[in-house]
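Got the structure open? Let's walk through it together, one piece at a time.

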Amino acid sequence: MISETRQATETPVLEVFASIQGEGAFVGQPQVFVRLRGCPLRCSWCDTPHSWAVPKDARAEIEKRDDVTEGIERVEEPANSTPFQVLCFVAAAEGGRPKTISVTGGEPLLYPDFIVELARLAGERHIHLETAGAHPESLSRVLDSVDHFSIDLKLPSTMRAPVELSADPVEPSPVTAEDWRDVRRRTMKLVRSRDACFKLVLPAGVALSEVEELFDDVANFASEHVVYLQPATAVAGTAAPSLTEIELCVDAALERGLTLRVLPQVHPVLGVR
Ligand code: SF4
């Protein structure tokens with residue numbers, strides 16, 4: 001029985017490292033990041049496409065910090081790891097200074113059992129989850145295990161067709177604008193009374209009506225949460241929005257009584273990952 005549980009929560013890890021949170025409500029906070037492998041979604045502006053696939057021989061890069069010399073070493077481990085092993089990686093990365101654990105990806109909601117078990121073993125440690133908000137069934141399973149939910153508001157026009165990692169996924173990924181509307185609303189209802197925030201990455205050229213539809217849903221289903229508007233960084237073929245485009249989104253949020261913050265992506269500014 002023990003080995004069955006172990007198998008169920010063994011999960012592909014891409015990297016574990018300590019850094020500064022660059023987005024959302026906890027921007028600037030030192031955290032330890034557990035980045036899981038695997039994402040079926042295809043955001044046109046994705047800055048971690050190396051997290052999409054789960055190769056059979058995948059390895060994880062683990063940061064090890066010497067708490068006396070502050071030296072950092074990066075070592076490779078087999079990617080498939082149990083929650084207990086991941087907490088050992090976390091301890092190595094933070095070098096004796098416990099921090100909030102941010103579970104990110106990829107799409108971490110592909111692995112709800114792993115998240116639940118990680119949080120159980122982590123005890124009082126704060127667990128934050130960064131998710132695309134596209135898998136509400138999985139989200140419902142981790143609601144009581146996570147301290148803060150940082151949820152993307154995806155613009156359907158910026159999403160290419162998903163690529164499922166298995167022929168029989170636990171929960172299919174949204175494809176059409178209607179699918180996205182459905183998962184978005186279910187996600188918002190689930191986190192309505194939780195500690196959560198929404199993030200909207202805005203590239204250039206998005207129709208204002210599309211942003212307005214997202215903001216209408218926030219106003220109707222989870223208006224108490226702050227929306228962080230992140231103008232996309234101009235990299236890898238993605239164009240940054242103009243000031244006028246940003247201001248139109250700000251007006252749209254204010255018209256709906258939303259709390260909005262405009263926050264540039266901080267990682268490129270600080271030069272950290
Ligand atoms: S959900 Fe995240 S990892 Fe997946 S494509 Fe979008 S930005 Fe990239």
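Here is a short tour, starting with how far to trust the model.

Keep in mind that this is a predicted model. The chain averages a pLDDT of 93, and 97% of the residues score at least 70. The start of the chain is another story: over residues 1–6 the pLDDT is below 50, and this stretch has one contact in the model beyond near neighbours in sequence. Where pLDDT is low, the predicted coordinates should not be read in detail.

Now for the inside. The largest nonpolar core has 56 residues, and Val-16, Val-34, Val-90, Ile-115 and Val-227 are those with the most contacts inside it. Pick Val-16 and look around: leaving out residues up to four places away in sequence, Val-16 touches Val-32, Phe-33, Val-34, Ile-62, Glu-63, Val-86, Phe-89, Val-90 and Ala-93. There's also a second, separate core of seven residues, and Leu-41, Ala-134, Met-159 and Trp-180 are among them.

Ile-62, one of the residues Val-16 touches, leads us to a pair of strands. The bridge partner of Ile-62 in E5 is Val-75. Strand E4 (residues 59–65) and E5 run antiparallel, joined by seven bridges. Together E4 and E5 form a hairpin with six residues between them, and in the turn Glu-70 has a positive phi of about 65 degrees. So is strand E5 buried or in the open? Of its seven residues (72–78), the number buried is zero, so E5 lies largely in the open.

For a contrast, try Thr-187, which sits in helix H5 (residues 177–191). Thr-187 counts as buried because it has 28 C-beta neighbours inside 10 Å, and the cut-off for buried is 20 or more. Not counting residues up to four places away in sequence, Thr-187 touches Gly-133, Pro-136, Leu-139 and Ile-151. Thr-187 and Leu-263 are 76 residues apart in sequence, and C-alpha to C-alpha they are 23 Å apart in space.

Last stop: the ligand. Which residues are around it? They are Cys-39, Leu-41, Arg-42, Cys-43, Cys-46, Thr-48, Ser-51, Gly-105, Gly-106, Glu-107 and Ala-132. Sorted by class, this shell has five nonpolar, four polar and two charged residues. You've met Leu-41 already, in the second core. Two glycines in the shell, Gly-105 and Gly-106, deserve a look too. The peptide bond from Gly-105 to Gly-106 is cis, with omega near 15 degrees. To find Gly-106, look in the loop between strand E7 (100–104) and helix H3 (112–122).

Key
Residues are numbered from 1 along each chain as its sequence is written. This is a predicted model: local features need pLDDT of at least 70, side-chain atom pairs count only at pLDDT 80 or more; totals for chains, interfaces and linings use all residues. A nonpolar core is a set of buried Ala, Val, Leu, Ile, Met, Phe, Trp, Tyr and Cys residues joined through C-beta atoms within 7 Å. A residue is buried if 20 or more other C-beta atoms lie within 10 Å of its own, exposed if 12 or fewer, and partly exposed in between; C-beta atoms are placed from the backbone. Two residues are in contact if their C-beta atoms, placed from the backbone, lie within 7 Å. Helices (H or I, at least four residues) and strands (E, at least two) are DSSP runs, numbered from the N terminus. Two strands pair if DSSP finds at least two bridges between them. A residue is near a molecule or strand if its C-beta atom, placed from the backbone, lies within 6 Å of it. Ala, Val, Leu, Ile, Met, Phe, Trp, Tyr, Cys and Pro count as nonpolar, Asp, Glu, Lys and Arg as charged, and the others, Gly among them, as polar. pLDDT is the predictor's confidence in each residue, from 0 to 100.
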